[in-house]
Amino acid sequence: MLPIDNDFCVKRYGNEIEDDGYNYWRRVNLGLVRALKRFWLMTNLEKYKNYIDVASGYKGLDRNDVLRIVFSKHGFIDIREMIFEDINADQLLQRIKSASLVFGSLDIRTTKRYAISVGIPDDWKRKDGVLDFVEQVFDMVSKSTKHTPDVVRSSYFNKKLSRIHVSLLLAGLSKSHGLEKIVKSAVKDVRKLRDKGDVEKLDLSDLIIP
Amino acid sequence: MFDFIIGAGQGGSRIAKEFANSFECDAAYFNLSNVDFSKFEAPRNRILVLDEGGTGRNPEFGEGIVKRNFIEVRQFLVGLKRFESAQFIMVCVGGGGGSGTGFMFPLLDYMLKRKKEILLVYTLPERREGIPAKPNALMSLNRLIESYLQEIQIKRLVCCRLITISV
């Protein structure tokens, strides 16, 4: 199950200046579609072999890797992406918590299986430390997930990238601070409604004719 | 990635349509009110509306309509060849209303009985939406968790008990 937090997605993909409600929500919906589709595209990299080099990387994602995670039967699914301007993963542990593309705050430590893909600009192939960086990212994400053992790791070089893209597809997530917040907010709404009270009995004492 | 996509309710159907376009996948759309589909462009034979004037954002009311008319829902699905042969199905539902969630449980039960693999895309309403959207979405989410997402915990408990007995 892929839970979508509309509040989060509206902030991420919506645009207040949009001309009408239809286009406004369409933009939000397209944001969701693109978030999931990028994993599907990663399983079809052979179509883009003119500018993508999987062989030089870690491994390619295949269709069944993605299907196994997307159709995982238990817990929630989340899609996350982090972009790095250079070969420095210092901020990864902080950023990974808020890198979701669809839901603000599912707890990554509870994930049971995940796929990770690191896309690197093709002209960075010969840069010092690129492969160490990829290993470092894999290690740090593993640490964030409390070393859950069911993992698919992949990487590739892409001529069209100018920065490093780290994409994560997480499954089996069980906890969320965001959901707790929504529950609290709903409880508050119900209480507020209840506190509005009932129609009061009219005071007609002055109307009594002696 | 998906063999078939299902959209239920107004919000769920619009999300499903974007997924169907982007993944070039066949889809079907369900609703309980014609007015919600007034500007919805999809082939007529891919749309099923059980129009009883909407649900007034009441999921139980919506589910009641769907259950009473489930023969029609089933016939509609069975008539879609691509649904019949599909293994991996995405179902999109907006959690705040009554139509999407009204269709959701009967559809999920039917498809799970038929051994389909399902990815449910379930949206939670914006904070500002208030009542009844938020309580609707949370109550249906709880039911989803209880009904479909907790199997692994139950299995583990069973395993633990078995181990204890054998020791």
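Strand 1 (residues 2-5) of chain A pairs with strand 5 of chain B in the parallel sense, over four bridges. Within this pairing, Pro3(A) stands opposite Tyr122(B) of strand 5 of chain B. The model is a predicted one.

The pairing between chains is part of a wider sheet. This open sheet has six strands in the order 1(A)-5(B)-4(B)-1(B)-2(B)-3(B), and the pairing is parallel. At its edges stand strand 1 of chain A and strand 3 (47-49) of chain B; each has a single partner strand, so one side of each is left without a neighbour in the sheet. From one strand to the next, the twist averages 15°. Further in, strand 4 (residues 88-94) of chain B runs parallel to strand 5 of chain B, and seven bridges join the two. Gly94(B) stands opposite Thr123(B) of strand 5 of chain B.

The contact between the chains also takes in helices. In total, 27 residues of chain B are in contact with 29 residues of chain A. On chain B, the elements that each supply at least two residues to the side touching chain A are helix 1 (9-23), strand 5 (117-124), helix 6 (133-149) and helix 7 (151-166). Strand 5 of chain B gives the most to this side, with seven residues. Sorted by class, the side of chain B that touches chain A has 17 nonpolar, seven charged and three polar residues.

Taken as a whole, chain B has seven helices and five strands. Read from the N terminus, its elements run β-α-β-β-α-α-α-β-α-β-α-α. Chain B has 167 residues, of which 43% count as buried. Among the contacts in chain B with a separation of 6 or more, 62% are between residues 24 or more positions apart.

Helix 2 (residues 59-68) of chain B shows how burial is arranged along one element. Its buried residues include Pro59(B), Gly62(B), Glu63(B), Ile65(B) and Val66(B). Viewed down the axis of helix 2 of chain B, the buried residues fall within an arc of 160°, so they line one face of the helix. The general background is that an α-helix has 3.6 residues a turn, so residues three or four places apart point the same way. On the other side of helix 2 of chain B, Glu60(B), Lys67(B) and Arg68(B) are exposed. The buried residues of helix 2 of chain B are covered by elements including helix 3 (70-78), helix 5 (99-113) and helix 6 of chain B. Helix 6 of chain B also supplies at least two residues to the side that touches chain A.

Key:
Residues numbered from 1 in each chain as written. Chains lettered and ligands numbered in written order. Predicted model: local features only at pLDDT ≥ 70, side-chain atom pairs only at ≥ 80, totals over all residues. Contact = placed C-beta atoms within 7 Å. Nonpolar A, V, L, I, M, F, W, Y, C, P; charged D, E, K, R; others polar. Pairing = 2+ DSSP bridges. Buried ≥ 20, exposed ≤ 12 C-beta atoms within 10 Å, placed from the backbone. Arc of directions from axis to C-beta. Axes fitted to C-alpha atoms, helices over the stretch in contact; angles between N-to-C directions.
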